[in-house]
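Student: Could you give me a close look at one part of this model, the aromatic rings? I would like to know how they pair up and how well covered they are.

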Amino acid sequence: MGKEIYKELVQGCYVTIPTMVSDPDLELNIPAIKEHVRFQIQGGMKTGNALLLAGGAAGGFSTMTFDERIEVASAVVEEANGRIPIIMGAQTTSTRELIQLSKSAEKIGAQFIQISPPFYFNHTEEDFYEYVAAAAEASDVGIILYNTHWTSANISMELVDKLIEIPNMAGLKWSVPNRSNFILERIIENFKDRINVIDNANVFISTHQSGSRAIEIHQANYWPEWAHDFWNLLENAEYEEAQRQINKVIRPFYILWEEMERYTSGDGYLDKLCLECIGFSSSRERPPTRDVREKFREKTRQMLIESGVPNVIQK
């Protein structure tokens with residue numbers, strides 16, 4: 001795939017789907033994962049308005065084995081069956097493992113991998129450039145570069161400029177440590193003609209006005225119809241209504257998530273609980289994230305009702 005095809009595919013709702021496991025053994029629940037993919041597609045998610053990320057942070061990659069990561073991504077690719085682009089999470093601390101993840105993504109038919117700077121050690125920018133280049137040389141899958149500044153060094157504007165010259169660099173998924181200097185908008189404005197940028201900072205109106213082409217949106221996991229309608233509001237420059245929808249649907253989700261973060265840490269647990277509250281086969285996250293369901297189920301159910309989410313189960 002070339003840069004123009006990447007631009008056609010990397011747009012709309014960037015949906016970080018959770019990885020379902022079974023209770024109580026916490027083994028992978030592949031049928032439930034496939035059910036969720038069908039739910040996304042039946043809800044209108046498709047090529048041109050969405051992408052699905054399998055085995056990202058909200059997909060619990062940090063608690064899965066290498067083989068489990070491939071199994072999950074393979075199941076998502078199989079169920080999607082070409083109807084929506086699939087990204088396989090490829091975060092790791094090892095260049096050797098990253099090469100194997102890149103090769104595996106190509107083998108199973110994923111269109112993209114998502115790469116972040118290696119965590120734990122604060123590697124130099126040249127370390128990271130060689131790390132990404134190794135993944136790019138290992139296969140022809142597109143690369144989504146994810147700026148996870150909270151676990152590793154922030155990626156500089158200068159390094160971005162160099163990295164996006166790699167032929168299979170397909171997108172920038174961007175968050176920033178400090179909003180005061182508008183660095184996210186500057187990233188978009190500087191590079192939007194060369195690569196699509198995904199807003200991972202929940203400032204969707206500002207970044208869309210600057211030229212971002214996708215948004216990471218957790219709410220799509222349990223209400224895909226609303227999510228692609230929200231994207232259409234942005235595309236049609238209906239920003240006043242988009243702000244109303246942010247206040248109604250997005251903000252309450254993050255207010256509840258902030259409360260839950262004082263109880264446990266991780267990602268994906270609120271997405272899973274929202275799915276459970278609309279009747280889906282769901283599960284807890286694997287430890288060390290604690291089980292949030294009993295403590296937060298009713299608060300989650302009420303949040304969904306007040307946001308207008310359909311098919312919320314009765315108490």
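Tutor: Happy to! Let's begin with Phe296, which is buried (under 20% relative accessible area, 1.4 Å probe, protein chains only), as its relative accessible area is 3%. Tyr263, at 24%, counts as partly exposed, a class that runs from 20% to 50%. This is a predicted model, so local features need pLDDT of at least 70 and side-chain atom pairs pLDDT 80 or more, while totals for chains, interfaces and linings use all residues. Residues are numbered from 1 along each chain as its sequence is written, and side-chain values use heavy atoms, without hydrogens and water.

Across the whole structure there are 13 aromatic pairs, meaning Phe, Tyr or Trp rings (six-membered for Trp) with centres within 6.5 Å. Phe253 and Tyr254 make one that is edge-to-face, with 5.2 Å between centres and 75° between planes; that label needs planes over 60 degrees apart. Phe253 is buried, at 0% relative accessible area, whereas Tyr254 is partly exposed at 22%. Tyr263 and Phe296 are edge-to-face too, at 5.7 Å and 70°. Their pairing links distant parts of the chain, 33 residues apart: Tyr263 lies in the loop between H10 and helix H11 (269-277), and Phe296 in helix H12 (residues 293-307). Helices here are DSSP runs (H or I) of at least four residues.

Ring pairs also join Phe253 and Tyr254 with Tyr222, Trp257 and Tyr269 into a cluster.

Other rings meet a charge. Lys162 places its charged end over the Tyr129 ring, 4.3 Å from the centre, and Lys173 does so over Tyr146 at 4.0 Å. The criterion is Lys NZ or Arg CZ within 6 Å of the ring centre and within 35 degrees of its normal.

Conventions. Phe/Tyr/Trp six-rings, centres within 6.5 Å; stacked < 30°, edge-to-face > 60°. Helix = DSSP H or I, 4+ residues; strand = E, 2+ residues; numbered from the N terminus.
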